[in-house]
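The following exercises ask for careful reading of a protein model. Each task is followed by a solution in steps.

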Amino acid sequence: MTATVAAGARPGTSRPLAGTGILLRFALRRDRVMIPVWVAVNALMVLSMPGTLEGLYGTAAERAGLVRQMETNSSLRAMVGPLFDDGLGALTAWRVGVYAAALAAVTSLLVVVRHTRDEEESGRQEVVASGMVGRRASLTAALLAAGAANAALALVVTAGLAGLGAAGAVAFGLGVAGVGMLFATMAAIAAQLTESARLARGLTAGVLGGAFVLRAAGDSATADGSSVLTWLSPLGWLENLRPFAGERWWVLGLLAGAAVAQGAVAFLLAGRRDLGMSFLPTRPGPAAGRLATAGALAWRLQRGAVAGWSAGFLLAGLVYGGMTEGAAELVGDNEQARGIIERMGGQAAISDAFVSAMIGMLGLVAALHVVSSVLRLSGEETSGRAEPVLAGAVGRLRWAAGHLVVAFSGAALVMLLAGAGFAAGHGRDAGAILGACLVQVPAVWVVGGVAVLLHGLLPRAAAAAWAVAGAVLLLGWVGPALDVPQAVLDVSPFGHLPKLPGGEMRWPPVLVLLLIAGVLVAVGLAGLRRRDMST
């Protein structure tokens, strides 16, 4: 598709933003489930924290002691950042700021890539571009959709935290939204540079992971966020905004300036390439040798994502493993904090309970990986790339099996590498820690099975698997802190897993989860075999 056709040769389409409003309404309609779910998960995580922290550190003396502990506890600073004030608002920004910003960044990059590079891969953008639509309208609509999601998050968070201080609430809400928009424009650039949505998402997520590592390294070195490494990370900019602790409003200018600059680059690149093309094209080659089978092709398509997730989980295991003793020291005699960790990690010694809780959190994140990998089937089908494969001597089940083997074995691999990182960082109990990580796999597979079921029976609703993963993430992250009844926590497959290390290994729930995952996959594949393929 040439640039002339992309721009539109019909009257009225010479305007680069023509049709933006219509495309924006269409994007918001398509994301009417995904955006509200992700915004709700993020907002609930933030707004549930003040009550939890008030229960944990109810007196001024306890909060002042926490500030002193954080000044000397480099492990915990690496995990959640420095603490600048003992007020409840400052504690809330300290405890969830990094994670809220990271979640906003993930939401933004998913939205932007979905409405730019995904549309070009599927061929829908070619149809849209043939009408009265400007060549930059799709990119503009995608960024506006991400902006709407971040604006909604900022409004909800600001309103919810206003009682702790209006200025701090505004600063925190705008800071989280600013990080989200920074990664939205970064994803827009990646969508111009790469030829696949998968690679665009992977590159942006890789930058986000690097930003977390830089911030963690910088915060472990200094107690006031002044490290150069911290300032090199957008997540570090949020903490240096210092909501509820003497706000530095000029930091918002950094976030806004960087987002605008990246957006300008994305628009410049969008105007210089043909529709469907990229500045980093994929190298073509014959389907021979290592690509001669459906499974080998699936591995070739997903190996980059598996490698990225594997490296991230290994690094997370190393970081969290090194924090174990520091976390035990921070909890100390605080019964409320101990209770939350024990609800997440079991009734074992506090160090084992902390390790179990952190491994459980990584299991929840691994559920996002398996959903992303399974939904690669949807991308291949809607883009038309599955048709040439299925036109040969490859059946639907064999084609799907190649991708599912990569998805489910990849989930087990990332958890195994997380365990290796934990064992190396913790320095002991390697066998017990590896076992605790592998116990998470059946629950991860159940979430992956739901994605297979939706793709096989309701292909147009397959993206709802993200909502399922988000709900599971919300229950696992926020439920224990809010003292949610166990019956509600048991809605998540992760609520039935034994709390390892330190707890008793119980095989029946693990085997039941494996059976449920197998049934979900089997029913999904049966539906895929019988329904019409998407066009």
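**Exercise 1. Determine what share of the contacts between residues at least 6 apart in sequence joins residues at least 24 apart.**

Solution. A contact means heavy atoms within 4.5 Å. Among contacts in the protein chain between residues at least 6 apart in sequence, 77% link residues at least 24 apart. The model is predicted: local features need pLDDT of at least 70, side-chain atom pairs count only at pLDDT 80 or more, and totals for chains, interfaces and linings use all residues. Residues are numbered from 1 along each chain as its sequence is written, and side-chain values use heavy atoms, with hydrogens and water left out.

**Exercise 2. State which helix gives the most residues to the largest nonpolar core.**

Solution. Step 1: a nonpolar core is a set of buried Ala, Val, Leu, Ile, Met, Phe, Trp, Tyr and Cys residues joined through side-chain atoms within 4.5 Å. Buried means under 20% relative accessible area, exposed over 50%, and partly exposed in between (1.4 Å probe, protein chains only).

Step 2: the largest nonpolar core has 140 residues, and M79 is among those with the most contacts inside it. Helix α7 (residues 88-114) gives the most to this core, with 19 residues. Helices here are DSSP runs of H or I with at least four residues, numbered from the N terminus.

Step 3: leaving aside residues up to four places away in sequence, M79 touches Y99, F212, R215, Y320, M323, F354 and M358.

**Exercise 3. Find the salt-bridge partner of R215, and decide whether R215 is buried or exposed.**

Solution. Step 1: a salt bridge is a side-chain nitrogen of Lys or Arg within 4 Å of a carboxyl oxygen of Asp or Glu. R215 pairs in this way with D219, the closest N and O atoms being 2.7 Å apart.

Step 2: both residues lie in helix α12 (residues 197-221), 4 residues apart, about one turn of the helix.

Step 3: R215 counts as buried because its relative accessibility is 0%. D219 is also buried, with a relative accessible area of 0%.

**Exercise 4. Explain which parts of the chain the salt bridge between E119 and R30 ties together.**

Solution. Step 1: the side chains of E119 and R30 meet in a salt bridge (2.8 Å, N to O).

Step 2: E119 lies in helix α8 (residues 117-122) and R30 in helix α2 (residues 20-30), so the pair ties together parts that are 89 residues apart in sequence.

Step 3: E119 is buried, with a relative accessible area of 6%, whereas R30, at 24%, counts as partly exposed.

Terms used. Helices (H or I, at least four residues) and strands (E, at least two) are DSSP runs, numbered from the N terminus.
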